[in-house]
Amino acid sequence: MSDGTRLSARVWKPLSDEDLKFPTILEYIPYRKRDGTQVRDALTHPYFSQRGYVCLRVDIRGNGDSEGLLFDEYTEVELQDAEEVISWASKQSWSNGKVGMMGISWGGFNSLQVAARNPKALKAIITLCSTVDRYADDIHYKGGCLLNENLGWGATMLSFSSRPPDPSIVGEGWRKLWLERLNAQPHLSPLWLRHQSRDAYWKHGSVCEDYSKIKAAVLAIGGWGDAYKNAVPALVENVGAKGIIGPWMHKYPHFAVPGPQIGFLQEALRWWDRWLKDINNGAENDPDYRVYVMEGEPPETNYNYRKGYWIKEANWPISKIFTRNYHFNKNKKLEEEIGHKDNLVGYIDSPQDCGLKGGEYCAIWLGPELPGDQRIDDALSLNFETDPICLKEDIVGSPEITLVLSADSPNSQIAVRLCDIFPNGESYRITYGILNLKFREGFEKPLDLPINEKIKVTIKLDHIAYKIPKGNKLRVSLSNAYWPLVWPTNNPAKLTIYEGSLSLPTRKEALSDEWTFPSTDSSAPWKNKEIRKPSNSRKTILDEATGTVTIEIEDDFGSFQDLSHGLVIASKARETWKINPKDPLSAFGKTHWTEERSRDDWSIRTETFSQMKSDNKYFYLESRVEAYEKDKLIFEKDASDKIERIL
C-alpha cells in the first residue's frame with residue numbers, strides 16, 4: 001500500500017501457454033484466507049480461474065497474514081486500500097484492465113462501498129448478504145433497537161483479529177506482528193455502542209445515502225434465512241441491480257442451506273463474462289428480480305431443504321403486486337372487511353423473556369439457529385389472527401403494520417411477527433420487524449413518546465416470498481420485548497393499541513417454477529484431515545426459584561489439518577444470555593471464544609472474553625484477551641467501558 005503496509009493475497013491464475021490478458025476478481029475481507037475462508041475459497045476461486053480470470057483473495061490489514069492494524073469495519077483506510085488493490089491489479093502484465101469485486105457479508109458490504117467510490121477499473125460487483133443502510137439494517141441497531149448481535153459480533157471480531165499471521169508466510173517476524181496486533185486491537189462493541197442514533201458514523205458506508213454514486217453493474221444476492229435480504233430489492237429498485245433471493249442462510253448459494261442450492265458459479269461467471277470480458281450473453285436482460293417462494297412448512301430451527309418454486313419479475317417493483325389489508329378488532333381477529341370501528345383493541349405489556357424462539361439474528365454457524373415454534377412467544381404477546389384462509393396469491397414483498405397507540409412511559413420498542421398458524425397450533429414466523437418507537441419519525445433524532453397520547457406508527461417487516469397453506473391462519477403478534485435478539489429498553493412503556501392494520505403484499509400464485517437455474521457446480525473441495533468433529537448446541541434453562549431464563553449456545557467448529565501446508569485449525573465459541581422476565585435491567589450477555597493453531601512444534605492459542613450489562617443510565621462492557629504460545633501465557637489485556645444510555 002502507499003503507506004508501506006504489505007497486504008497478503010492468495011492468487012489463482014489461469015494456466016495458459018499464450019500471452020493472454022485476463023480480468024481480475026477481488027474478494028477482500030478480514031476473515032483469514034489460510035485458516036478462515038479456505039473451505040469456500042477452494043470451492044469458488046479456482047472455478048473462475050479455470051475459466052479465464054485471475055482471482056485475488058486479500059486479507060484486510062491487521063488480519064490474517066497482512067501487516068497493519070484494524071480499528072473498525074469499513075474504515076476510510078480499508079476502502080482506500082481496496083482502491084489501491086484494484087488499481088494494482090488492473091496494471092499487472094496479465095490484466096486486461098478490468099476488475100470485478102465480490103463478497104458475502106463484510107465482503108458484500110465493502111464491494112458496495114468501494115463501488116460507490118467508482119474506481120476506474122471496477123466494472124462490476126456481486127454483493128451477497130449485505131446492506132445498504134449500516135444503521136437501521138445491520139447487526140447494530142435494526143429499526144433503531146439495540147441488537148445483541150452488537151456484542152456478539154464484536155466478540156467474534158475480537159477473536160478473529162487476535163490470531164497471529166502464519167510464520168510460514170511472514171517468516172520470523174510473525175511474533176512481533178502478533179504482539180503489535182494484540183496491543184492495538186480494540187473491542188469494537190463499545191465503539192458501536194457510542195453511536196446510538198443514525199449519525200455521520202453510520203452514514204459512512206451506507207450506500208443508500210446516494211445510490212447514484214454506484215456506476216458498476218451490480219448483481220445482488222440474499223437468502224430468506226439470512227438477516228440481510230432487504231438490500232436486494234433496494235438495490236434492484238435504486239441502482240438497477242439484478243436481484244436473486246433463495247431460501248438460504250448466510251452462505252454462498254452453491255453450498256448454502258436450506259436447499260435448493262443453485263449454480264451460483266455459473267450465474268456469477270455469466271455476470272463476469274458480460275461486464276469484464278464484454279461477451280454479449282444477455283446477462284443485462286435477465287429479469288430484475290428472481291426469488292424463491294417458500295411453501296409453508298411447520299417450524300424447525302434448522303432445515304436441509306425448503307419446498308417451493310422460483311418466480312421472476314422482469315421489472316421491480318411491479319404494479320401487479322396486490323395489497324390485501326387486514327384490520328385488527330377487539331375480538332383479536334384480523335379481518336379484511338372493516339366492521340364496527342373499535343376504540344381499543346388491546347394492550348402490549350410483554351415479560352422480558354418474550355422472544356426466546358426468535359432464533360439468531362444472522363443464522364450463520366449451521367446449528368439450531370432459525371426461529372422455532374412461535375407459540376411460546378405468541379402466548380406472551382398481543383395477537384390478532386384470521387380465520388382459516390385460502391390465500392390464492394403468494395406473499396411477495398415487505399408487509400407493513402400500522403398502529404394507533406399510546407404509551408405510559410417515554411421509552412418503548414415494538415416487535416411485530418407475522419406468523420403462519422397450522423391446524424395443530426404450530427406457529428411459524430414468516431417475517432418480522434422491530435422498531436424503537438423513539439425513532440418513529442426517523443433514525444437521526446430520538447423523540448420521547450408522549451405520555452398517554454395517541455400516535456400513529458408504521459413498522460415495515462422484512463421482505464419475504466411465502467405461500468401460506470390452504471386452511472392455515474395468519475397471525476400478527478405484537479410485543480414490547482424481544483429477547484435475546486434485542487436489548488431491553490429501560491422502563492418500557494405499556495402500550496395501548498386503539499387501531500391496527502396489516503398491509504400484505506401479494507402476487508398471482510405461481511403454479512410451478514418460472515425460472516430455472518443451472519444445477520450447483522464447484523471446484524475441488526478443501527483437502528483436510530478431520531481431528532475433532534464440529535457440533536452445535538442451544539439450550540434454554542429456567543431457574544424456577546428466581547424465574548431467570550438463560551440461553552446457552554455453543555458452536556464447536558471442530559479441528560482440522562490442512563493437508564497442503566500442515567496447519568492445524570481449531571475453534572470454539574460460547575454465548576450466554578440471561579434475563580429475569582420481570583426486570584429489564586437484569587439483562588446480561590457474555591461470550592467466550594477459543595482459537596488454536598499449530599504446526600509441528602509451533603502452537604498458539606487465544607482466549608477472548610466479553611460481557612455486557614446495564615442499569616437505568618449506563619451500559620457496562622468488559623473484555624479480556626489472553627494469548628498463549630506453547631500453552632504459556634505471553635499476553636493479556638483487559639478493557640472496560642461505561643457508556644451512557646442515550647435511548
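Two strands count as paired here if DSSP finds at least two bridges between them. Keep that in mind as you move through this predicted model.

**Stop one: the hairpins**

Select strand E27 (residues 602-614) together with E26; the two pair in the antiparallel sense over 12 bridges. Within that pair, put Thr 591 and Ser 610 on screen, since they are a good landmark: Thr 591 stands opposite Ser 610 in E27. Now look at the turn of this hairpin, where two residues lie between E26 and E27. Click on Asp 600 in the turn and you will find a positive phi of about 55°.

Next, add strand E25 (residues 568-580), which is joined to strand E26 (residues 583-599) by 12 bridges and runs antiparallel to it. Here Ile 569 faces Arg 597 in E26. A hairpin links E25 to E26 as well, through two residues.

**Stop two: an open sheet**

Move to the four-stranded open sheet, whose order is E13-E20-E16-E17 with antiparallel pairing. Its edges are strand E13 (382-385) and strand E17 (427-436), each of which pairs on one side only. From one strand to the next, the twist averages 20°. Zoom in on E13 and strand E20 (residues 473-479): four bridges join this antiparallel pair, and Glu 385 sits opposite Arg 475 in E20.

**Stop three: a covered helix**

Finish with helix H3 (residues 106-115). How many of its residues are buried? The count is 10 of 10, including Trp 106, Phe 109 and Leu 112. Show the surroundings to see what covers them: among the elements are strand E2 (22-29), helix H2 (76-90), strand E4 (95-104) and helix H9 (231-239).

Notes: Residues are numbered from 1 along each chain as its sequence is written. This is a predicted model: local features need pLDDT of at least 70, side-chain atom pairs count only at pLDDT 80 or more; totals for chains, interfaces and linings use all residues. Side-chain values use heavy atoms; hydrogens and water are left out. Buried means under 20% relative accessible area, exposed over 50%, partly exposed in between (1.4 Å probe, protein chains only). Contact means heavy atoms within 4.5 Å. Axes are lines fitted to C-alpha atoms, for helices over the stretch in contact, and angles run from 0 to 180 degrees between N-to-C directions.
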